[in-house]
Amino acid sequence: MKMTKFGHACVRLGRNGRALVIDPGAMTPERGVTAGAEAVLVTHEHFDHFEPEQLRGTEADVYTCPGVARHLDGFGDRVHVVGDGDTFSAAGFEVTVKGEKHHYSHPDTPPVDNIGFLVDGEVFHPGDALTVVEAPTLLVPGQAPWLTVPALIDYLRRTAPDRAYAVHDGLLSDWGLHVLDGVLAREADRTGTEIRRLLPGESVEVPTGGTGRTTAP
């Protein structure tokens, strides 16, 4: 399984010439990230994860929560509403849905729908939540207005993945990225596992039960 990280929280998973994309939002500046993908998975409706224009011009099926689906009336029967515990096949991958709501982020606003996607029992993208799932490869949120460093570390320790790659870093300055890299490196040293931030355009090969091997961006 080849996994490529794009701007902010977007990743593309490919295998055997087939691909799916998770969370191509407005903070994913790369155009064409959905080109050739058979499916797009969207965790929730916030702009940094969901941008309808990223879905136009593609024939990909869209799998998402009710909160996103209500914005996609014009997309017809290629929109599939899924929820916690559901399983489906997309682009040759087996996907299990985990979670229901966004992490608490504002006292005046109820959490919106948020679902995470566990792909092939290997890679878990939680969206904007800290859903604890047993998965060898965790895409951990690196920074968010609702996230603290202690919560980030606690999430890594509760999930205890074989490897973790930080995404959701688009709001950070160079200094902020430097701080995040230090936090991840310290936890990697403590556990002896690969825990680090993926750069935009960087790819890793993620074999089931194996160790991610970096390839050229």
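Two residues are said to be in contact when heavy atoms of the two lie within 4.5 Å. With that in hand, a good place to start in this predicted model is His44, a residue of the loop between β4 (39-42) and α1 (52-55). Once the neighbours within four places in sequence are set aside, His44 is in contact with His49, Phe50, Cys65, Val68, His102, Val112, Asp113, Asn114 and Asp128. His44 has a relative accessibility of 0% and therefore counts as buried. Two polar contacts involve its side chain. One joins the side chain of His44 to that of Asn114 at 2.9 Å, and the other joins it to the side chain of His46 at 3.5 Å.

From this loop the description moves to the aromatic residues. A pair of aromatic rings is described by the distance of the centres and the angle of the planes. How many aromatic pairs does a search of the whole structure find? The search finds one. It is formed by Tyr63 and Phe88, whose ring centres are 4.1 Å apart and whose planes meet at 5 degrees, so the pair is stacked. Distant parts of the chain are linked in this way, since Tyr63 belongs to strand β5 (residues 61-64) and Phe88 to strand β7 (residues 87-90), 25 residues apart. Tyr63 has a relative accessible area of 9% and is buried. Phe88 is buried as well, with a value of 10%.

The helices offer another view of the fold. Helix α3 (residues 149-159) and helix α4 (residues 174-191) have axes that come within 11 Å and cross at roughly 35 degrees. The crossing in which α3 passes α4 is right-handed. On the α3 side, the contact is made by Val149, Leu152, Ile153, Leu156 and Arg157, and on the α4 side by Leu180, Val183, Leu184, Glu187 and Arg190. Sorted by character, the residues of this contact are seven nonpolar and three charged, with no polar ones.

Each of these helices also contains a residue that can be followed in detail. In helix α3 there is Thr159, which counts as buried because its relative accessibility of 11% falls under 20%. The side chain of Thr159 has a polar atom 2.7 Å from the backbone oxygen of Tyr155, and it also reaches the backbone oxygen of Leu156 at 3.3 Å. Beyond the neighbours within four places in sequence, Thr159 is in contact with Thr131, Val132, Val133 and Leu138. Helix α4, for its part, holds Ala188. This alanine is buried, with a relative accessible area of 12%. Not counting residues up to four places away in sequence, Ala188 touches Thr193 and Ile195. Ala188 and Ala91 are 97 residues apart in sequence, and their C-alpha atoms are 32 Å apart in space.

Towards the start of the chain, Phe6 takes its place in the loop between β1 (2-5) and β2 (11-15). Is Phe6 buried or exposed? With a relative accessibility of 17%, Phe6 counts as buried. Leaving out residues up to four places away in sequence, Phe6 touches Arg12, Thr28, Glu30, Val33 and Gly201. Between Phe6 and Thr148, which are 142 residues apart along the chain, the C-alpha atoms are separated by 23 Å.

The backbone deserves a look too. Most residues other than glycine have a negative phi. Asn16 has a phi near 55 degrees, a positive value in a residue other than glycine. Asn16 is found in the loop between β2 and β3 (18-22), where it is exposed, with a relative accessible area of 72%. His168, also not a glycine, has a positive phi of about 60 degrees. The loop that holds His168 runs between β12 (163-167) and α4. His168 has a relative accessibility of 3% and so counts as buried, whereas Asn16 is exposed.

Methods:
Residues numbered from 1 in each chain as written. Predicted model: local features only at pLDDT ≥ 70, side-chain atom pairs only at ≥ 80, totals over all residues. Heavy atoms only, no water. Axes fitted to C-alpha atoms, helices over the stretch in contact; angles between N-to-C directions. Helix = DSSP H or I, 4+ residues; strand = E, 2+ residues; numbered from the N terminus. Left-handed = near helix turned anticlockwise from the far one by under 90°. Nonpolar A, V, L, I, M, F, W, Y, C, P; charged D, E, K, R; others polar. Buried < 20%, exposed > 50% of the residue type's maximum accessible area, 1.4 Å probe, protein only. Polar contact = N/O pair within 3.5 Å; in protein donor to acceptor, adjacent residues only side chain to side chain. Phe/Tyr/Trp six-rings, centres within 6.5 Å; stacked < 30°, edge-to-face > 60°.
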